[in-house]
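Let's take a friendly walk through this model, from its sheets to its cores and its pocket. Keep the structure open beside you as you read.

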Amino acid sequence: MNSLNKKDLLDIKSLSPDEIMLICKTATYFKDVFTRDVKTVPVLRGKTVCTLFYEPSTRTRLSFELAAKMLSANTVNVPVTTSSVVKGESLIDTVRTLEAMKADYIVMRHEASLAPHFLSQNINASVINGGDGYHAHPTQALLDTYSIIEARGSVEGLHIGIIGDIKHSRVARSDAIAFKKLGAKVTLCGPSTLLPDEFKQYDVDITYNLDELLPKLDVINMLRIQRERQRGSLFPSIREYNRLYSLTDERFKRCKPDILVMHPGPMNRGIELDDAVADSPNSIINEQVTNGVAVRMAIFYLLAGGTPFSDGEGN
Ligand code: CP
């Protein structure tokens, strides 16, 4: 595997297992950059990276911006709520404006599924998907994969549970595809109203009973309840959700002692999981955030045509 040989990074479906591993291996080298006093390398010197987020974000937008800065790129964020978008400018015109200003990479998040795919076919700049509707969040899946490999050495053979609001989750869709491609057993679990039948197509197991599933898991990924995407009530109450699907301190005691606890953030503490669990030694939630920068550096590097590092490089 020489490089990604792609213009864009749009979803996990279009990456082979070797390409996913290439991104993870390259991220290992870029994580070393964090430990240096001078945290920059000249990979994207002279290039411009624009972040264009039509939905709120803390982790994804900031980590792309940090990653680009550490690779010596010029970075600019389009503040959508105070840009010409509010005057009715279309997505394609906004992005063509960025291209006219010579943007080389456009990192975008949009509420419409496949918006980045549409853009990628209509502009020359590289498009990186920072999350589109319910559809995909490929860089989250790559950093989740990387974080598991860092902690356990491999994803293959692990039993990974993805718990909660599956229906509205682009993370669940992208994670399930990535973990399956690398040989994990994946079980999705949540209330039936938040776990529709369409998920059977992902070749995953499905259960509505968290208590039965918990003792079998090597990794548990707790999803955020996406109240902003729910129309009408999809579970009786937060109290009921908590009773059946929260990773409470009590439930945590029934997990394997070395279970990895993950959450893509932002967390609703006390709803998806208890403080004691989120802050326990089993939790790699903060490490996921750190790894997000390294993985996004690797993605920029490989989209720019960077070739794999040989062992010993990057230290
Ligand atoms: N995990 C994730 O996408 O977080 P943000 O919404 O803060 O970017």
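Helices here are DSSP runs of H or I with at least four residues, and they are numbered from the N terminus. With that in hand, Gln 140 can be placed in helix H5 (residues 138-152). Please keep in mind that this is a predicted model.

**A buried glutamine**

Is Gln 140 buried or exposed? Buried means under 20% relative accessible area, and Gln 140 has 5% relative accessibility, so it counts as buried. Leaving out residues up to four places away in sequence, Gln 140 touches Val 171, Asp 175, Pro 264, Gln 288 and Arg 296.

**The sheet of four strands**

One open sheet has 4 strands in the order E2-E1-E3-E4, with parallel pairing. Strand E2 (74-78) and strand E4 (126-132) form its edges, each pairing on one side only. On average, neighbouring strands of this sheet are turned by 15° against each other, direction ignored.

Strand E1 is a good place to pause. 6 of the 6 residues of E1 are buried, so E1 is largely enclosed by the rest of the structure. Thr 48, Cys 50 and Leu 52 point one way from E1, while Val 49, Thr 51 and Phe 53 point the other way. Which residues are the bridge partners of Thr 51? In E3 the partner is Val 107, and in E2 it is Asn 77. Helix H3 (residues 91-100) packs on this sheet and touches E1, E2 and E3. The direction of H3 makes about 160° with that of E1.

**The sheet of five strands**

Another open sheet is formed by 5 strands in the order E7-E6-E5-E8-E9, and the pairing is again parallel. Strand E7 (205-207) and strand E9 (260-262) stand at the edges with a single partner strand each, so one side of each has no neighbour in the sheet. Neighbouring strands of this sheet are turned by 20° against each other on average, direction ignored. Ile 163 stands opposite Met 222 in E8. Helix H6 lies across E5, strand E6 (185-189) and E8, and runs at about 175° to E5.

Here are three of the strand pairs, side by side.

| Strand pair | Sense | Bridges |
|---|---|---|
| E1 and E3 | parallel | 5 bridges |
| E1 and E2 | parallel | 5 bridges |
| E5 and E8 | parallel | 4 bridges |

**The nonpolar cores**

The largest nonpolar core holds 65 residues, and those touching the most other members are Ile 23, Phe 30, Leu 142, Ile 162, Phe 179 and Phe 300. Helix H11 (residues 285-303) gives the largest share of this core, 10 residues. Once neighbours within four places in sequence are left aside, Phe 300 is in contact with Leu 44, Val 49, Phe 64, Ala 67, Ala 68, Leu 71, Tyr 105, Val 107 and Ile 128. Apart from the largest core lies another, of 22 residues, including Ile 259, Val 261, Leu 273 and Val 277.

**The largest pocket**

Finally, have a look at the largest pocket, which holds about 450 Å³ of space. Which of its 20 lining residues are the closest to its centre? They are Arg 109, Arg 170, Arg 224, Gly 265 and Pro 266. Helix H2 (59-70) and helix H6 (170-181) are the elements that give two or more residues to the lining.

Note on methods. Residues are numbered from 1 along each chain as its sequence is written. This is a predicted model: local features need pLDDT of at least 70, side-chain atom pairs count only at pLDDT 80 or more; totals for chains, interfaces and linings use all residues. Side-chain values use heavy atoms; hydrogens and water are left out. Two strands pair if DSSP finds at least two bridges between them. Axes are lines fitted to C-alpha atoms, for helices over the stretch in contact, and angles run from 0 to 180 degrees between N-to-C directions. Contact means heavy atoms within 4.5 Å. A nonpolar core is a set of buried Ala, Val, Leu, Ile, Met, Phe, Trp, Tyr and Cys residues joined through side-chain atoms within 4.5 Å. Buried means under 20% relative accessible area, exposed over 50%, partly exposed in between (1.4 Å probe, protein chains only). On a 1 Å grid over the protein atoms alone, a cavity is a set of points where a 1.4 Å probe fits but cannot get out, and a pocket is an open set with protein on both sides within 12 Å along at least five of seven lines; lining residues have an atom within 4 Å of a point. Grid points are joined across faces, edges and corners, and a volume is the space filled by probe spheres set on the points.
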